[in-house]
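Hi,

Here is the structure we talked about, with the sequence alongside. Have a look at it first, and then read on for what turned up.

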Amino acid sequence: MNADFLPEELLIATVADMLAGLRHVAVGAQSPIPGTAALLARARWGGALRVSMLGSETNSPFTDGGRELFDCASQGRIDAFFLGGGQIDGQANINLVGIGDYPDTKVRFPGSFGSAYLYFLVPRVILFREEHTARVLVPKVDFISAPGVSEESTYRKGGPHALVTGRCVFDFDDTAKRFCLQSVHPGHTVDEIREHTGFDYDTPDHVPETPAPDADTLALLRGDVADAVAERYPGFAAKIFGAANAA
Amino acid sequence: MSDILTTVEDLAARIPDGAKLALAPDYSGCSMATIRALIARGVRGLHVVGVPSVGFQGDMLIGAGCVATLETAAVTLEEYGPAPRFTAAIKAGTLHMIDGTCPAIHSGLQAAEKGIPFMPVRGIVGSDLLKHRDDWTTGTDPFGEEDGPIVMVKAIRPDVTLIHAPLADRHGNVWIGVRREMMLMAHASRETLVTADEIYDGDLLADEKLASGTIPGLYVSAVAEARNGAWPVGLFGRYGGDEAHLRDYLERARTEEGFASYLDEFVHAPHAHKAAE
């Protein structure tokens, strides 16, 4: 790993690149890296991007309570959202409920949040999960909180766009209904990703390295963006940017 | 109208065993003062509805054995990590879970607020959540404009909504600003019980600026003053969470004994549940 930036900063910059040209990005619960990426994208494009961060006092435009985000999404007013998963499988199904035979789960996750709805309605859903292991990226999830793909007859305006992990970026191919390895983060290898991924996916002949954030991006990130994210995720901001600013 | 003002202990006494109790997430209005009083009075068999999720309120009530059923889109302590007593209760099989998703909970409450039996909701088709819900079903657009299946959720009608707000007045009006999930909860519930950091001297509905963010007293059964009543959780626009205290809670709540020591100190000790002041 290049010593000039932290792994988290690479992930933030990578996700921010996926938001170029959008009008409105919403960020849900427990999403410090995607949330920071959205704020970075907004800063980079001069504020043209609207960022709505659930639970934030300074970056939430909503005045109609918890339902408003969801009503916005079903009207097509939100272009991108982020979802994670305790398990994610090769058809982009996500499991936020637990491992084992529900309801007798051996390992319990927090719950499905708004995933079972937003996955259908937000055009660009970016799956984000830092832990890239065969225990997270599984052949088939134990519980489908939200399905990656639906039958033709199902009303569906959105779905998986990409999966960003601590090791790589996968694209989701809507036609093949499979992931395809798009880039490998600096310091990681194609073979290592194969070894730590439980589901089957496509690998092109040439897989590029995920581009490192440039100096301008890092300056923006460690300045105004770090201050903005500290309001919603103080612990994360202190851990990442406290460290990055001290380096 | 002044009989609407009461004590935290009285609010707790008004929530019967087995009640369907709607609670807000940590970033909204949490009446932690009443949660402590409820635990102190030994409430049992609650059906807690997270609107749409619960945090520390849910974890503490579950840990204290007060909850039989939990209906929620998630249990989340956000940056603090997994909810320890919730996780332990799931492992022990002592909690009946009704797993949902945020907009379905909002829609169920909206049906109740309109006095209708169900509400259609987008998405959800193909989610395993649907397989485990006998109060959700799928149908089709009766007007025939769409072909595909659409999910319908039954109305959610809580017995009691319990919230904390920055301001309430002697008429039972409660100022919640833009945290209007609490408005929805109040509309949908049979009774709404409120603690407030401050009793506003006057009528919140008389001021146009405040009225737009105010739950009218017609929905509110009782109000108790509880300064810092959301502590140790934060209250929007007023104070943040008490991080040191919450970390101490998490550390102790990893074990049943540790959690019991937390309750002894902050709930069961004489006047402990008023510790916020």
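**Strand pairing in chain A**

S6 and S7 of chain A make a hairpin, with two residues between them. Please keep in mind as you read that this is a predicted model. Strand S6(A) covers residues 98-101, and its pairing with S7(A) is antiparallel, over four bridges. If you would like a pair to pick out on screen, Ile99(A) stands opposite Val107(A) in S7(A).

There is also an open sheet of three strands in chain A, in the order S5-S4-S9 and with mixed pairing. Strand S5 (94-95) and strand S9 (137-138) of chain A are its edge strands, each pairing on one side only. Strand S4 of chain A, residues 87-89, runs antiparallel to S5(A), and two bridges join them. In that pairing, Gln87(A) has Asn95(A) in S5(A) as its bridge partner.

**Where the two chains touch**

How many residues of each chain are in contact with the other chain? For chain A it is 40 residues, and they meet 40 residues of chain B. Four elements of chain A each supply at least two residues to the side that touches chain B: helix H3 (67-74), strand S7 (104-108), helix H4 (115-121) and helix H7 (234-246). So you will meet S7(A) twice, as it pairs with S6(A) and is also listed on this side of chain A. The largest share comes from H4(A), with six residues. By type, the residues on this side of chain A are 20 nonpolar, 16 polar and four charged.

**A loop residue in chain A**

Ser56(A) is worth a click. You will find Ser56(A) in the loop between strand S2 (50-53) and H3 of chain A. Is Ser56(A) buried or exposed? There are 20 other C-beta atoms within 10 Å, so Ser56(A) is buried. Some of its company comes from far along the chain: Glu231(A) is 175 residues away in sequence, yet the two C-alpha atoms are separated by 7.3 Å. Setting aside neighbours within four places in sequence, Ser56(A) is in contact with Glu231(A) and Arg232(A).

**Chain B as a whole**

Chain B has nine helices and 15 strands. Its radius of gyration is 19 Å, close to the 19 Å that the globule rule gives for 277 residues, so chain B is as compact as a globular protein of that length. Along the principal axes, the C-alpha atoms of chain B fill a box of roughly 60 × 50 × 30 Å. Of its 277 residues, 53% count as buried. Among the contacts in chain B between residues at least 6 apart in sequence, 73% join residues at least 24 apart.

The chain is divided into domain 1 (2-100 + 159-272) and domain 2 (118-154). Taken over C-alpha atoms, the centres of these two domains of chain B are separated by 31 Å.

**Two covered helices in chain B**

Helix H3 of chain B spans residues 56-63, and eight of its eight residues are buried, so H3(B) is largely enclosed by the rest of the structure. Among the buried residues are Phe56(B), Asp59(B), Met60(B) and Leu61(B). After H3(B) comes Gly65(B), whose phi is positive, near 75°.

Helix H6 of chain B (residues 181-188) is mostly covered too, with seven of its eight residues buried. The buried ones include Glu181(B), Met182(B), Met183(B) and Leu184(B). What covers the buried residues of H6(B)? The cover includes H3 of chain A, along with strand S2 (20-23), helix H5 (102-114), strand S11 (160-169), strand S13 (191-200) and strand S14 (214-215) of chain B.

**A loop residue in chain B**

To finish, have a look at Asp242(B), which is found in the loop between strand S15 (222-225) and helix H8 (243-252) of chain B. Asp242(B) counts as partly exposed, because 17 C-beta neighbours lie inside 10 Å. Its C-alpha atom is separated by 5.0 Å from that of Pro232(B), ten residues apart along the chain. Leaving aside neighbours within four places in sequence, the contacts of Asp242(B) are with Trp231(B) and Pro232(B).

Happy browsing, and best wishes!

Definitions and conventions. Residues are numbered from 1 along each chain as its sequence is written. Chains are lettered from A and ligands numbered from 1 in the order in which they are written. This is a predicted model: local features need pLDDT of at least 70, side-chain atom pairs count only at pLDDT 80 or more; totals for chains, interfaces and linings use all residues. Two residues are in contact if their C-beta atoms, placed from the backbone, lie within 7 Å. Ala, Val, Leu, Ile, Met, Phe, Trp, Tyr, Cys and Pro count as nonpolar, Asp, Glu, Lys and Arg as charged, and the others, Gly among them, as polar. Domain bounds come from an automatic or database domain assignment. The radius of gyration is taken over C-alpha atoms; the globule rule is 2.2 Å times the number of residues to the power 0.38. A residue is buried if 20 or more other C-beta atoms lie within 10 Å of its own, exposed if 12 or fewer, and partly exposed in between; C-beta atoms are placed from the backbone. Two strands pair if DSSP finds at least two bridges between them.
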